[in-house]
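Me: I am new to this structure and would like a close look at a single part of it. Please take the packing of the helices towards the end of the chain, and then place it beside a few other sites.

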Amino acid sequence: MTSYKDLGLANTREMFKKAVDGGYAVPAYNFNNLEQLQAIIQACVETKSPVILQVSSGARKYANATLLRNMARGAVEYAKELGYEIPIALHLDHGDTFELCKDCIDNGFSSVMIDGSHHSYEENVALTKKVVEYAHQFDVTVEGELGVLAGVEDDVVAEKSTYTKPSEVEDFVKKTNVDSLAISIGTSHGANKFTPSQCERNAEGVLVPPPLRFDILKEIEKRIPGFPIVLHGSSSVPQAEVDTINKFGGKLDDAVGIPESQLREAAASAVCKINIDSDGRLVMTAAIRKVLAEKPGEFDPRKYIGPARDALVVMYKGKNENVLGSAGKA
Ligand code: G3H
Ligand code: 13P
Ligand code: ZN
């Protein structure tokens, strides 16, 4: 057993309390490799923001669970070395079984998500409760989910989203004793969050998505006041990055994300954790494609992953400062 406390990590309880009271959201950024982690930590230290490092089961398979855990330990030291101590959580993103959650809890995670949203309500309650009972013995916090997001969540693909039913949230929170709740109000995973037919085109021909269902969020807040709410699928899919990718040989059609103005509105409410993965993927891919296209003789990975890392730092700092409002809150 490796406790997250021995790695210098924090659970999300205090982070969320401050975020709900302060009207901002803590960033939850996914990482799979060294450069993504370096960029997240540098950006969050430079903006003095708390941060949740997210690891999916796909990330654990890709990068190796032992390496990722020790990278998180290293991240704590690295942040101190950069000159400012920030709270850092290590969180399992979209855990789908009790066994996976247990394995993460036993191996240094300070927070886990048990995503039972694809099960029946009763099964979701039972699974979430079981994970919470295990996690709380070790002071690990747990995120549950009600409602289904469209798109890909690891191996689970949902074609259509099902909005969270506000009538279920109070009962779910009471029965499971979960610490935070991911809800579905119109966000979805990936870089194609809406089909063109769901959007309008503005004067420049850019797709404008339908607004998030803030009415559902308000109804949920009314039923569980002050309870920490989580928003998945919150990348904004910047058009400039998509254009760069396409300009340098990529092919991303009809990519569309959540406008930053709507995320700002969500962050000011009970939404206290905002999940962003795809924007990092886009920024990194755009920067790498650009270098490789402009310098075809380059074959030192540091020369193309390095600029991608620099671009990630700029993007994450911008999110903390201008979208989530987490800058200066560490
Ligand atoms: O919600 C999904 C996250 O973006 C993680 O994606 O399962 O491909 O690592 P992944
Ligand atoms: P995006 O695909 O919008 O970045 O969402 C990431 C996410 O929700 C991770 O759990
Ligand atoms: Zn997600």
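Reply: What follows starts with a helix pair, goes on to a second pair, and ends with a metal site and three single residues.

This is a predicted model, in which local features need pLDDT of at least 70, side-chain atom pairs count only at pLDDT 80 or more, and totals for chains, interfaces and linings use all residues. Residues are numbered from 1 along each chain as its sequence is written, chains are lettered from A and ligands numbered from 1 in the order in which they are written, and side-chain values use heavy atoms, with hydrogens and water left out.

Two packed helices are described by the angle between their axes and the distance between the axes. Helix 11 covers residues 278–294 and helix 12 covers residues 301–324; helices (H or I, at least four residues) and strands (E, at least two) are DSSP runs, numbered from the N terminus. The axes of helix 11 and helix 12 come within 8 Å and cross at roughly 145°. Axes here are lines fitted to C-alpha atoms, for helices over the stretch in contact, and angles run from 0 to 180 degrees between N-to-C directions. The crossing of these two helices is right-handed (left-handed if the near helix is turned anticlockwise from the far one by less than a right angle, right-handed if clockwise).

On the helix 11 side, the residues in contact (heavy atoms within 4.5 Å) are D279, G280, V283, M284, A287, I288, V291 and L292. They meet K303, Y304, I305, P307, A308, A311, L312, M315, Y316 and K319 in helix 12. By class, this contact has 14 nonpolar, one polar and three charged residues; Ala, Val, Leu, Ile, Met, Phe, Trp, Tyr, Cys and Pro count as nonpolar, Asp, Glu, Lys and Arg as charged, and the others, Gly among them, as polar.

Helix 11 also packs with helix 9, at an angle of about 35° and with the axes 8 Å apart. This crossing is left-handed. E241, T244 and I245 in helix 9 meet L282, V283, T285, A286 and R289 in helix 11, a contact of four nonpolar, two polar and two charged residues.

K319 of helix 12 is also touched by G325, which is found in the segment after that helix. G325 touches Y24 and N320 as well, not counting residues up to four places away in sequence. G325 counts as partly exposed because its relative accessible area is 29% (buried means under 20%, exposed over 50%, partly exposed in between, with a 1.4 Å probe and protein chains only). G325 and G23 are 302 residues apart in sequence but 8.0 Å apart in space, C-alpha to C-alpha.

The zinc ion (ligand 3) has H94 (NE2), H189 (NE2) and H232 (ND1) as protein donors, 2.0 to 2.1 Å from it. Donors are N, O and S atoms within 2.8 Å of the metal (3.2 Å for Na, K and Ca); water is not among the atoms, so sites may look incomplete. H94 in strand 3 and H232 in the loop between strand 11 and helix 9 are 138 residues apart. Both H94 and H232 are buried.

S111 is found in strand 4 and counts as buried because its relative accessibility is 2%. Its side chain makes a polar contact of 2.7 Å with that of H91 (a pair of N or O atoms within 3.5 Å; within protein, one must be able to donate a hydrogen and the other to accept it, and residues adjacent in sequence count only if both atoms are side-chain atoms).

S269 lies in the loop between helix 10 and strand 12 and is buried, with a relative accessible area of 15%. The backbone oxygen of A266 lies 2.5 Å from a polar atom of the S269 side chain.
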